[in-house]
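Work through the exercises below with the structure in view. Try each task before reading its solution.

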Amino acid sequence: MPYSPILVVHICAGVLGLLSGTAALIFRKGSPNHILAGKIFVASMLTMAVGAIYLGVVKSQPSNVSGGIVTFYLIGTGWLTARRREGETSSMDWVALVIPLALGTLTWVNGIEVLRSGATSQNGVPVGMNFFMGTICLLAGAGDVRMLLHRGVFGVTRIARHLWRMCFGLFIAAGSFFMVPSNRPLRLLSAVKLGQHLPAALFSTGLYLILTITPLVLLIVWLVRVRFTNAFKGTSMPPGGDVYSVSR
């Protein structure tokens, strides 16, 4: 079955985002390789998110629309955090604030309605995921409010903001790619005549679960290291995303 051009771009951007995001996590923070991988990651993830929003609208899939918007918001604000100087904000931050607050509230309301109907899932997605994603959106919105009230972010707080938004965007991309019921990796590799030549273990749910939650685990590890250790104490991110640190 032929794929639409938008779907092809969406899939390719998603795969590139997963690869470049993984590379950015591996390379030394602030190194040229980290910065290059980060730029590719941002461009590919924003492209993927726009594709998800478009396809969700065309196919009447509200969850894909909201997922695309959240991903675009997280990656976009995470990128701006690295590009800006410490203490820098703009009027667009007040506009962006509406996204997590509105989506977080709507996602929680939808989850409550699903529970009240007696169901435990919606379109194959456990209702707990509604509350999880809704909470993440509201926490992101709270972070935006704090940033605006303090007229920007500084020091390790700025590093942490950039870090968690990028990593969570990678987590969303990994979940969308690996955990959909239709086994997207197998479909993609089969389309290029490679799936049948690879061992079945590469297409197991257990492996996909590990690959999906790995960005989330690394996010927690890095946040703990940034906020509660001396690894990044006294460091900062100048505009452009370079981190003044030799830590790995």
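**Exercise 1.** Decide whether threonine 71 is buried or exposed in this predicted model.

*Solution.* Start with the relative accessible area of threonine 71, which is 1%. Then apply the cut-off: a residue counts as buried under 20%. Threonine 71 is therefore buried.

**Exercise 2.** Place threonine 71 in its element, then find what its side chain reaches and which residues it is in contact with.

*Solution.* Step one: threonine 71 lies in helix α3. Step two: its side chain reaches the backbone oxygen of glycine 67, at 2.8 Å. Step three: set aside the neighbours within four places in sequence; threonine 71 is then in contact with Met45, Met48, Ala49 and Ile172. Met45, Met48 and Ala49 belong to α2, and they are among the residues of that helix that meet α3.

**Exercise 3.** Describe how α2 and α3 are arranged relative to each other.

*Solution.* Two packed helices are described by the angle between their axes and the distance between the axes. Take the distance: the axes of α2 (residues 32–58) and α3 (residues 62–83) come within 7 Å. Take the angle: these axes cross at roughly 160°. Angles over 145 degrees count as roughly antiparallel. So α2 and α3 are roughly antiparallel to each other. Last, the handedness: α2 passes α3 in a left-handed crossing.

**Exercise 4.** Which residues meet where α2 packs against α3, and how do they divide by class?

*Solution.* On the α2 side, the residues include Phe41, Leu46, Val50, Ile53 and Val57. On the α3 side, they include Asn64, Ile69, Thr71, Phe72 and Trp79. By class, the contact has 15 nonpolar residues, five polar ones and no charged ones.

**Exercise 5.** Give the distance, angle and handedness for α3 and α5, then list the residues in contact.

*Solution.* The axes of α3 and α5 (residues 127–149) come within 12 Å. They cross at roughly 35°. The crossing is left-handed. From α3, the contact uses Val70, Tyr73 and Leu74. From α5, it uses Met133, Cys137, Ala140, Gly141 and Asp144. Sorted by class, that contact has six nonpolar residues, one polar and one charged.

**Exercise 6.** Step back to the whole chain: how many helices and strands are there, and in what order do the elements run?

*Solution.* Count the elements: eight helices and two strands. Read from the N terminus, the order is α-α-α-α-β-β-α-α-α-α. Now check burial: 42% of the 248 residues are buried. Finally, take the contacts between residues at least 6 apart in sequence; 69% of them join residues at least 24 apart.

Terms used. Residues are numbered from 1 along each chain as its sequence is written. This is a predicted model: local features need pLDDT of at least 70, side-chain atom pairs count only at pLDDT 80 or more; totals for chains, interfaces and linings use all residues. Side-chain values use heavy atoms; hydrogens and water are left out. Axes are lines fitted to C-alpha atoms, for helices over the stretch in contact, and angles run from 0 to 180 degrees between N-to-C directions. Helices (H or I, at least four residues) and strands (E, at least two) are DSSP runs, numbered from the N terminus. Angles under 35 degrees count as roughly parallel, over 145 as roughly antiparallel, 65 to 115 as roughly perpendicular and the rest as oblique. A crossing is left-handed if the near helix is turned anticlockwise from the far one by less than a right angle, and right-handed if clockwise. Contact means heavy atoms within 4.5 Å. Ala, Val, Leu, Ile, Met, Phe, Trp, Tyr, Cys and Pro count as nonpolar, Asp, Glu, Lys and Arg as charged, and the others, Gly among them, as polar. Buried means under 20% relative accessible area, exposed over 50%, partly exposed in between (1.4 Å probe, protein chains only). A polar contact is a pair of N or O atoms within 3.5 Å; within protein, one must be able to donate a hydrogen and the other to accept it, and residues adjacent in sequence count only if both atoms are side-chain atoms.
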